[in-house]
Amino acid sequence: MASLIVAVSEGVGRIVLQRVEALNALSRAFCDEIDAAVVALDASPGVRVILITSALKHFCAGADIREMAGITHEEAVAEAFTGCVKSVADARKPVVVAVNGLAAGGGCELVEMCDIVVAAESARFCHPEITLAAMPGAGGTQRLARVVGKHVAMDLLLTGRAMNAHEALAAGLVSRVVPDADLASTALAIARQIAGFSSPVACRIKDSVRSTQTGLAEGLLAERDRFHRCFLENDFREGLQAFMDKRAPVFGQR
Ligand code: CO8
């Protein structure tokens, strides 16, 4: 089965994530597929809005931990590796995301890159990187802190706990919370509504709102550099190995 479905209808370019074998974990190949789809939809004259959804029980389990365990520090630096996609944050057109189940780590960073976040009532958001002796590398310390503020961001990033949909709404990470059964239809209705407006104006509004994020580009680069340093550390290797062994990690022991 294809891990991605891309379809265009009524001005909405829809991307459905369905990497079944790893709960949409963001392997490099999967990120490349998503990036190619977003870039193509963003350039397509028939598309005015991009909509990202998951066909699985979770939105996305984050970076592909199994794959990451084989990446060296040199490779991470050379590839500007982040464990997440690049294109969503750069899209010119508005991006709506529908979140069901868990959005973890890189999956939560993908959400943070989107413009309108519609969450199912049972959706949860977390940054469990610290439990692996890792840290976000694709904006988790930057975009998250900008939308939820320092203290909520610190709570999520330093404890790895999951925030439910209503808490995420109150914190500003989510735009709307809807009953689970209404997630797909509500997200599509929002995307279609925006697609019915003037596309150049929608893009200009997006651009203008984005320009409020001063210092973001510098913050993202500094975050990525700090993230890459994890690849040199024993605790990080232990965190990844423990996940794969399905056991609790033991940090600071080697
Ligand atoms: N990477 C690779 N494989 C994964 C991942 C992942 N992130 N998440 C789940 N899988 C695999 C599981 O290993 C399992 O495979 P198998 O059946 O072969 O054992 C399969 O997907 C199904 O998973 P579960 O059986 O665990 O399904 P559950 O419904 O019981 O649990 C969870 C779902 C809660 C999502 C659980 O799988 C989980 O906790 N996953 C890990 C989530 C996580 O920690 N993600 C953050 C990664 S860090 C990140 O994204 C930021 C970038 C920095 C990364 C640096 C280090 C990786």
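This passage describes the paired strands, one buried loop residue and the two largest pockets of a predicted model.

A good place to start is strand β3, which spans residues 49–54. Six of its six residues are buried, so β3 is largely enclosed by the rest of the structure. In a regular strand, side chains alternate between the two faces of the sheet. In β3, V49, L51 and T53 point one way, while I50, I52 and S54 point the other way. Residues of both sets are buried.

β3 has a parallel partner in strand β2 (residues 12–17), to which six bridges join it. Within this pairing, V12 is found opposite V49 of β3. Between the two strands the chain passes through helix α1 (residues 28–43), and the resulting β-α-β crossover is right-handed. β3 also runs parallel to strand β4 (residues 95–99), here with three bridges. L51 of β3 takes part in this second pairing, and its bridge partner in β4 is V96.

From β4 the pairing can be followed to β6. These two strands are parallel and share four bridges, with A98 and V118 of β6 as bridge partners. β6 is itself mostly covered, since four of its five residues are buried. A further parallel pairing, over three bridges, links β6 to strand β9 (residues 176–178). V118 appears here too, standing opposite R176 in β9. V118 of β6 is thus named in two pairings, with A98 as its bridge partner and with R176 of β9 opposite.

The loop between β2 and α1 also deserves a look, as it holds S27. How exposed or buried is S27? Its relative accessible area is 7%, under the 20% cut-off, so S27 counts as buried. Leaving aside residues up to four places away in sequence, S27 touches R19, D64 and E67.

Turning to the open spaces of the model, the largest pocket holds about 1000 Å³. Its lining is made up of 39 residues, and those nearest the centre are E112, M113, C114, D115 and R210. Two or more lining residues come from each of α4 (87–90), α5 (106–113), β6 (116–120), α6 (143–148), α10 (199–210) and α11 (216–230). Which of these elements gives the most to the lining? That is α10, with six residues. By class, the lining of the largest pocket has 22 nonpolar, eight polar and nine charged residues. β6 therefore has a place both in the strand pairing and in this lining: it pairs with β4, and it gives two or more residues to the lining of the largest pocket.

The second largest pocket contains about 640 Å³ of space. It is lined by 32 residues, with A61, A63, I65, L132 and F243 lying nearest its centre. At least two lining residues are supplied by each of α2 (65–68), β5 (102–104), α5 and α12 (234–245). Sorted by class, the lining of the second largest pocket comprises 18 nonpolar, eight polar and six charged residues. Helix α5 is one element named for both pockets: it gives two or more residues to the lining of the largest and at least two to that of the second largest.

Key. Residues numbered from 1 in each chain as written. Predicted model: local features only at pLDDT ≥ 70, side-chain atom pairs only at ≥ 80, totals over all residues. Heavy atoms only, no water. Buried < 20%, exposed > 50% of the residue type's maximum accessible area, 1.4 Å probe, protein only. Pairing = 2+ DSSP bridges. Right-handed = clockwise from strand over helix to strand, strands pointing away. Contact = heavy atoms within 4.5 Å. 1 Å grid on protein atoms, 1.4 Å probe; cavity = no way out; pocket = protein on both sides within 12 Å on 5 of 7 lines; lining within 4 Å. Points joined across faces, edges and corners; volume = space filled by probe spheres on them. Nonpolar A, V, L, I, M, F, W, Y, C, P; charged D, E, K, R; others polar.
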